[in-house]
Amino acid sequence: MSERLSELHNEQLDERALSRLRWRCRRGLLENDLLIERFFDRQPSLTQGQGEAMAQLMELPDNDLLDLLLARKQPEGELDHAAVRDLLALLRPAPQNSLHD
């Protein structure tokens, strides 16, 4: 049974579900919008599990979401699970290379 759930979790979101999720990801804070749009540009498809994790993140207030996206905070409580942590790793901007090297 758990193997079947894992398979479902890894199935790709269909076009309609992905479109609805993208619409739901529109935020009131420009910084969040930019990070999320860049993510979707790099990641044209998502699994069911990634979609569920994204939906959980979209329940957060804008400032809390931005703190997670910028790694100023780590997920806590119901958000502290592998799917959300993995998605945040994909959503977060790449670290900048130091000019001092």
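## Around R92

In this predicted model, R92 touches L68, L69, A71, K73 and Q74, when residues up to four places away in sequence are not counted. R92 itself is found in the segment after helix α6, which covers residues 82-91. One of these neighbours also offers a polar partner, for the backbone oxygen of L68 lies 2.8 Å from a polar atom of the side chain of R92.

Is R92 buried or exposed, and how far away is the nearest side chain of opposite charge? R92 is buried yet has no salt bridge, and the nearest side chain of opposite charge, that of D86, is 9.6 Å away. Since a salt bridge requires a side-chain nitrogen of Lys or Arg within 4 Å of a carboxyl oxygen of Asp or Glu, the distance of 9.6 Å to D86 does not meet that cut-off.

## The chain as a whole

The protein chain has 6 helices and 0 strands, and read from the N terminus on, its elements run α-α-α-α-α-α. Of the 101 residues in the chain, 34% are buried. The chain exposes about 7100 Å², and carbon and sulfur atoms supply 50% of that area. If one takes the contacts between residues at least 6 apart in sequence, 63% of them join residues at least 24 apart.

## Confidence along the chain

The mean pLDDT of the protein chain is 88, and 85% of its residues reach 70 or more. Among the elements of the chain, helix α1 (residues 2-10) has the lowest mean pLDDT, at 58, whereas helix α5 (residues 62-69) has the highest, at 96. Where pLDDT is low, the predicted coordinates should not be read in detail.

## Helix α3: N32 and R42

Helix α3 consists of residues 30-42, and N32 is found within it. With a relative accessibility of 0%, N32 counts as buried, because buried means under 20% relative accessible area. Leaving aside its neighbours within four places in sequence, N32 is in contact with R27, D62, L65, L66 and L69.

R42 also lies in helix α3, but R42 is partly exposed, with a relative accessible area of 48%. Which residues does R42 contact, once its neighbours within four places in sequence are left aside? The contacts of R42 are with L90 and L91. Although R42 and L90 are 48 residues apart along the chain, their C-alpha atoms are separated by 9.3 Å.

## Helix α4, an enclosed helix

Why is helix α4 (residues 48-57) described as largely enclosed by the rest of the structure? The reason is that 7 of its 10 residues are buried. The buried residues of α4 are G49, Q50, G51, A53, M54, A55 and L57.

## Salt bridges

Side chains of opposite charge can pair when their charged atoms come close. With a cut-off of 4 Å between a side-chain nitrogen of Lys or Arg and a carboxyl oxygen of Asp or Glu, the count for this model comes to 6 salt bridges. One of them is formed by E37 and R22, whose closest N and O atoms are 3.1 Å apart. This pair links distant parts of the chain, with E37 in helix α3 and R22 in helix α2 (residues 15-24), 15 residues apart. E37 counts as partly exposed at 36% relative accessibility, and R22 likewise counts as partly exposed, at 28%.

Another salt bridge joins the side chains of R24 and E59, with a distance of 2.0 Å from N to O. Here too the pair links distant parts of the chain, since R24 is in helix α2 and E59 is in the loop between α4 and α5, 35 residues apart. R24 is partly exposed, with a relative accessible area of 36%, while E59 counts as exposed at 57% relative accessibility.

The side chains of D67 and R72 also meet in a salt bridge, at 3.0 Å from N to O. Salt bridges that share partners join D67, R72 and K73 into one network. Within this network, D67 counts as buried at 15% relative accessibility, whereas R72 is exposed, with a relative accessible area of 53%. K73, a member of the network, is also among the residues that R92 touches.

How values were computed. Residues are numbered from 1 along each chain as its sequence is written. This is a predicted model: local features need pLDDT of at least 70, side-chain atom pairs count only at pLDDT 80 or more; totals for chains, interfaces and linings use all residues. Side-chain values use heavy atoms; hydrogens and water are left out. Helices (H or I, at least four residues) and strands (E, at least two) are DSSP runs, numbered from the N terminus. Buried means under 20% relative accessible area, exposed over 50%, partly exposed in between (1.4 Å probe, protein chains only). Lys and Arg count as positive and Asp and Glu as negative; His and the chain ends are not counted. A polar contact is a pair of N or O atoms within 3.5 Å; within protein, one must be able to donate a hydrogen and the other to accept it, and residues adjacent in sequence count only if both atoms are side-chain atoms. Contact means heavy atoms within 4.5 Å. Accessible areas come from the Shrake-Rupley method with a 1.4 Å probe; for residues, only the protein chains shown count as cover. pLDDT is the predictor's confidence in each residue, from 0 to 100.
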